[in-house]
Amino acid sequence: KEGFEKLIAEDGMLEHACYCGNYYGTPRKAVFDKLEEGKDVILEIEVQGALQVKQKCPDALLVFVMPPSFEELRRRLTDRGTEDGATVERRLANAAREMEAAKHYDYIVVNQTVEDAADQLEQIVCAAKHTAKYLREFIDEVEYDAETCCK
């Protein structure tokens, strides 16, 4: 706990939350090391953490994964049979609150099936790599070449 709190104080966490007395979060260094290697980083985090990431890294791409309907979410949670009714209801109430934040995300993936959701996510990441804000360095290089070539 002390080590985690020290990381928070030193801005060593990209995002974090305290839940039931336990800390959860994503170390900043781990993410930026992978980004510097040219790798994509996908964080599976809750809404509070995602909004922290967006605040610290405005170019981050936020993707909200939603069920096809709230009733389908209820069915999926109930059919698992891993939690009692009260826990399912708490999770549904939390999901309803989190879904309110979906409008602050860049993209929405509707999780009809895991395979389809994964395909949608892959398409979003691929498309994002072709937006002007992500290709700014390339655009600048081409502009520079054009300027020097045509003088």
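Student: Is Q48 buried, exposed or partly exposed?

Tutor: This is a predicted model, so every value here is computed from it. Exposure is read from relative accessible area: under 20% is buried, over 50% is exposed, and partly exposed lies in between. Q48 has a relative accessible area of 46%, so Q48 is partly exposed.

Student: Where does Q48 lie, and what does Q48 touch?

Tutor: Q48 is in helix 3, residues 47-56. Leaving out residues up to four places away in sequence, Q48 touches H16 and A17. As for P27, it is 21 residues from Q48 in sequence and 15 Å away in space, C-alpha to C-alpha.

Student: What is the pattern of helices and strands along the chain?

Tutor: Along the sequence it runs α-β-β-α-α-β-α-α-β-α-α. That makes seven helices and four strands. The radius of gyration is 20 Å, well over the 15 Å the globule rule gives for 151 residues, so the chain is more spread out than a compact globule. Along its principal axes, the C-alpha trace spans about 75 × 40 × 25 Å.

Student: How much of the chain is buried?

Tutor: Buried residues are 22% of the 151 in the chain. Look at contacts too. Of those with a separation of 6 or more, 51% join residues 24 or more positions apart.

Student: Which residues form the largest nonpolar core?

Tutor: In soluble globular proteins, nonpolar side chains tend to be buried together. Here the largest nonpolar core has seven residues: V47, A50, L62, F64, A101, A102 and Y105. Take V47. Beyond residues up to four places away in sequence, V47 touches F64, E98, A101 and Y105.

Student: Which side chain of opposite charge is nearest to E15, and how far away is it?

Tutor: A salt bridge needs a side-chain nitrogen of Lys or Arg within 4 Å of a carboxyl oxygen of Asp or Glu. For E15 the nearest side chain of opposite charge is K56, 8.4 Å away. E15 is buried and has no salt bridge.

Student: What does the side chain of E15 contact instead?

Tutor: The E15 side chain makes a polar contact with the side chain of T26, at 2.6 Å. E15 sits in strand 1, residues 13-19. Its wider set of contacts, not counting residues up to four places away, includes Y24, I45, G49 and V53.

Student: How many salt bridges are there in the whole structure?

Tutor: The search finds 14. One of them joins K129 to D40, with the closest N and O atoms 2.8 Å apart. K129 lies in the loop between helix 6 and helix 7, and D40 in the loop between helix 2 and helix 3, so the pair ties together parts 89 residues apart in sequence. K129 is partly exposed at 41% relative accessibility. D40 is partly exposed at 46%.

Student: Which parts does the salt bridge of D106 and K54 tie together?

Tutor: The D106 and K54 side chains meet at 3.0 Å, N to O. D106 is in the loop between helix 5 and strand 4, and K54 is in helix 3, so the parts tied together are 52 residues apart in sequence. D106 is partly exposed at 36%, and K54 is partly exposed at 21%.

Student: Where do R75 and D79 both lie?

Tutor: Both are in helix 4, residues 70-80. They are four residues apart, about one turn of the helix. Their salt bridge has its closest N and O atoms 2.6 Å apart. R75 is partly exposed at 40%, whereas D79 is exposed at 52%. Through shared partners, salt bridges join E72, R75, R76 and D79 into one network.

Methods:
Residues numbered from 1 in each chain as written. Predicted model: local features only at pLDDT ≥ 70, side-chain atom pairs only at ≥ 80, totals over all residues. Heavy atoms only, no water. Core = buried A, V, L, I, M, F, W, Y, C linked by side-chain atoms within 4.5 Å. Buried < 20%, exposed > 50% of the residue type's maximum accessible area, 1.4 Å probe, protein only. Contact = heavy atoms within 4.5 Å. Helix = DSSP H or I, 4+ residues; strand = E, 2+ residues; numbered from the N terminus. Lys, Arg positive; Asp, Glu negative; His and termini not counted. Polar contact = N/O pair within 3.5 Å; in protein donor to acceptor, adjacent residues only side chain to side chain. Rg over C-alpha atoms; globule rule 2.2 N^0.38 Å.
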